[in-house]
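Dear colleague,

I am passing on to you the structure we spoke about, and I would be glad if you could open it before reading further. My notes follow below.

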Amino acid sequence: NLELQQYDMERDTEEQELQQALAQSLQEQEAWEQKEDDDLKRATELSLQEFNNSFVDSLGSDEDSGNEDVLDMEYTEAEAEELKRNAETGNLPHSYRLISVVSHIGSTSSSGHYISDVYDIKKQAWFTYNDLEVSKIQEASVQSD
């Protein structure tokens with residue numbers, strides 16, 4: 001009977017230790033996910049800030065900025081404002097040719113599934129790559145999804 005009581009106490013202790021380890025692991029995971037979300041937000045803010053700074057620096061400058069190869073055009077004030085608004089909203093029509101998109105399907109960044117939409121220049125068509133499955137997709141779907 002004494003052995004049975006000792007066994008029950010050891011089992012209860014192990015159960016408590018397991019629960020504590022699980023709770024600590026969950027807290028660490030939540031902290032890591034929050035840090036990753038914060039890092040992503042910060043990177044997005046810095047990217048937009050860098051774009052705005054380089055864009056503003058390249059506009060209306062009479063000095064040799066070294067950006068002539070990249071930005072070899074002059075903008076009216078209205079065009080400059082429109083480009084700035086578009087940069088802030090992420091709407092950059094006719095600024096680039098999108099050739100691939102990587103999408104994450106899942107509730108957290110540490111779990112889920114990744115797929116890619118890729119533009120085939122030779123075929124002039126978009127394709128979705130989902131593991132071994134490749135299917136043709138309309139560009140409008142790529143842009144809206």
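**Contacts of Ile 137**

Leaving aside residues up to four places away in sequence, Ile 137 touches Asp 117, Trp 126, Phe 127, Thr 128 and Val 142. Please keep in mind throughout that this is a predicted model. Ile 137 belongs to strand S4, which covers residues 133–137. Because its relative accessibility is 18%, and the limit for a buried residue is under 20%, Ile 137 counts as buried. Ile 137 and Ala 125 are twelve residues apart in sequence, and their C-alpha atoms are 7.7 Å apart in space.

**Asp 117**

One of the residues that Ile 137 touches is Asp 117, and Asp 117 lies in strand S2. Is Asp 117 buried or exposed? With a relative accessible area of 7%, Asp 117 is buried. Its side chain makes a polar contact with the side chain of Thr 128, at 2.6 Å. Again not counting residues up to four places away in sequence, Asp 117 touches Ile 99, Ser 100, Val 101, Trp 126, Phe 127, Thr 128, Ile 137 and Val 142. Trp 126, Phe 127, Thr 128 and Val 142 therefore appear in the contact lists of both Asp 117 and Ile 137.

**The sheet around these residues**

The strands that hold Ile 137 and Asp 117 belong to an open sheet of four strands, which has the order S1-S2-S3-S4 and antiparallel pairing. S1 and S4 stand at the edges with a single partner strand each, so one side of each is left without a neighbour in the sheet. Neighbouring strands of this sheet are turned against each other by 25° on average, if direction is ignored. As general background, the strands of a sheet pair through backbone hydrogen bonds, in either a parallel or an antiparallel way.

It may help to go through the pairs in order. Strand S1 (residues 100–108) and strand S2 (residues 111–120) run antiparallel and are joined by seven bridges; within this pair, Val 102 has Ser 116 in S2 as its bridge partner. S1 and S2 form a hairpin, with two residues between them.

S2 is joined in turn to strand S3 (residues 125–130) by five bridges, and these two strands also run antiparallel. Here Val 118 stands opposite Phe 127 in S3. S2 and S3 form a hairpin with four residues between them, and in the turn Gln 124 has a positive phi of about 55°.

Finally, S3 and S4 pair over five bridges in the antiparallel sense, and the bridge partner of Asn 130 in S4 is Glu 133.

**The salt bridge in helix H1**

How many salt bridges does the structure hold? There is one, and in it the side chains of Asp 8 and Arg 11 meet at 3.7 Å, taken from N to O. Both residues lie in helix H1 (residues 2–58), where they are three residues apart, about one turn of the helix. In general, side chains of opposite charge can pair when their charged atoms come close. Asp 8 counts as partly exposed because its relative accessibility is 29%, and Arg 11 counts as partly exposed because its relative accessibility is 44%.

With kind regards

Key
Residues numbered from 1 in each chain as written. Predicted model: local features only at pLDDT ≥ 70, side-chain atom pairs only at ≥ 80, totals over all residues. Heavy atoms only, no water. Buried < 20%, exposed > 50% of the residue type's maximum accessible area, 1.4 Å probe, protein only. Contact = heavy atoms within 4.5 Å. Pairing = 2+ DSSP bridges. Polar contact = N/O pair within 3.5 Å; in protein donor to acceptor, adjacent residues only side chain to side chain. Salt bridge = Lys/Arg side-chain N within 4 Å of Asp/Glu carboxyl O. Axes fitted to C-alpha atoms, helices over the stretch in contact; angles between N-to-C directions.
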